[in-house]
Amino acid sequence: AVYEIWGRPKAVFHPGLHIYLPWPFGRLKAVEYGVVHQIPIAFLDEEVYGKAMAEKRKPEEKATITGPQPASADRLWEASRPTEASYLVAANRNGRENFEVINIDLRIAYRIGLDDTAAMDAVYRLDTPEDLIRAAAGRMLARYFARYTLPEILGQDREAFIRSFQKELQARLNTLSGSVEILSVVIETIHPPAGVAEAYQQVQASSIDAVTKVANAKGDAVRDLGQAQA
């Protein structure tokens, strides 16, 4: 906690026994110490977010090897989750620039820093760390997705993206408030919207089928040419 005397910060009290002047001469402002939070980067109202978290906390039946998978393991593109956020992605169709939509379920684990400076910043420079993290991460995601196409995003190196994203997010937060420490960035899912997931898969399957047919045709041509030369 941060200890104030007559409204001015005097010291930071760490866990243990302390003697201080009582109110109104002095007072304590509590600071979380070591508590880890995980939040989704989705701009939800409190009611929707509360329902999503309550649904997540429900006890699940233990999964077996031969039985169906638990609901928490559902990562199918056809399923939409309330903690997903939608972003515009650059696209190039038939030589014309366009935009597509992509859904991402990205979660960030954070805590208030453990040193005295972080405690001071948490009390006097930070109101709601969740809003600050969501705003900074949402701006970074919007800028990132605007630079790449959908196939490039789906085929990217997730580990490299997570490392660079966490490093840049921590640097941004340090310039705003040095009290937040980003512990990890987790990408649960990243896919086209659930309503068009099946159509996107059919397009990709058709593209793969076309490439396969072209390769087979080239192989047949080489074989026929060899037979003709013989």
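Helices (H or I, at least four residues) and strands (E, at least two) are DSSP runs, numbered from the N terminus. These names are used at each stop below.

**Before you start**

The model is predicted: local features need pLDDT of at least 70, side-chain atom pairs count only at pLDDT 80 or more, and totals for chains, interfaces and linings use all residues. Residues are numbered from 1 along each chain as its sequence is written, and side-chain values use heavy atoms, with hydrogens and water left out.

**Stop 1: colour by confidence**

Colour the chain by pLDDT, the predictor's confidence in each residue, from 0 to 100. The chain averages 79, and 79% of the residues score at least 70. Which element has the lowest mean pLDDT? Select residues 46-57: this is helix α1, with a mean of 56. Strand β1, residues 2-5, has the highest mean among the elements, 89.

**Stop 2: the sheet**

Select β1 together with β2 (8-12) and β3 (26-29). Two strands pair if DSSP finds at least two bridges between them. In general, strands of a sheet pair through backbone hydrogen bonds, either parallel or antiparallel. Here the three strands form an open sheet in the order β2-β1-β3, and the pairing is antiparallel. Why is one side of β2 and of β3 left without a neighbour in the sheet? Both strands stand at the edges and each has a single partner strand, so one side of each stays free of a neighbour there. On average, neighbouring strands of this sheet are turned by 30 degrees against each other, direction ignored. The axes behind this angle are lines fitted to C-alpha atoms, for helices over the stretch in contact, and angles run from 0 to 180 degrees between N-to-C directions.

Now keep β1 and β2 on screen. Four bridges join these antiparallel strands. To see one pairing, select V2 and V12: V12, in β2, is the bridge partner of V2.

**Stop 3: the turn at W6**

β1 and β2 form a hairpin with two residues between them. Select W6, which lies in the loop between the two strands. Its phi is positive, about 55 degrees, although W6 is not a glycine. Most residues other than glycine have a negative phi, and most peptide bonds are trans.

Is W6 buried or exposed? The cut-offs are under 20% relative accessible area for buried and over 50% for exposed, with partly exposed in between (1.4 Å probe, protein chains only). W6 has 62% relative accessibility, so it counts as exposed.

Add L21 and F25 to the selection. With W6 they form a nonpolar patch on the surface, and the accessible area of the three together is about 360 Å². Patches are made of residues with over 30% relative accessible area and no salt bridge: like charges are joined within 9 Å, nonpolar side chains (Val, Leu, Ile, Met, Phe, Trp, Tyr) within 5 Å. Accessible areas come from the Shrake-Rupley method with a 1.4 Å probe, and for residues only the protein chains shown count as cover.

**Stop 4: a cis peptide bond**

Select W23 and P24. The peptide bond from W23 to P24 is cis, with omega near 15 degrees. P24 is in the loop between β2 and β3.

**Stop 5: salt bridges**

Side chains of opposite charge can pair when their charged atoms come close. A salt bridge is a side-chain nitrogen of Lys or Arg within 4 Å of a carboxyl oxygen of Asp or Glu. The structure holds nine of them; three follow.

- Select R27 and E4: their closest N and O atoms are 3.1 Å apart. The pair links distant parts of the chain, R27 in strand β3 and E4 in strand β1, 23 residues apart. R27 is partly exposed at 44%, whereas E4 is buried at 3%.
- Select R143 and E168, which meet at 2.3 Å, N to O. R143 is in helix α3 (residues 129-145) and E168 in helix α5 (residues 158-176), 25 residues apart. R143 is partly exposed at 38%, and E168 is partly exposed at 29%.
- Select K213 and D209, which meet at 3.3 Å, N to O. They are four residues apart in helix α6 (residues 197-229), so about one helical turn separates them. K213 is exposed at 54%, and D209 is partly exposed at 39%.

Finally, select E4, R27 and K29: salt bridges that share partners join these residues into one network.
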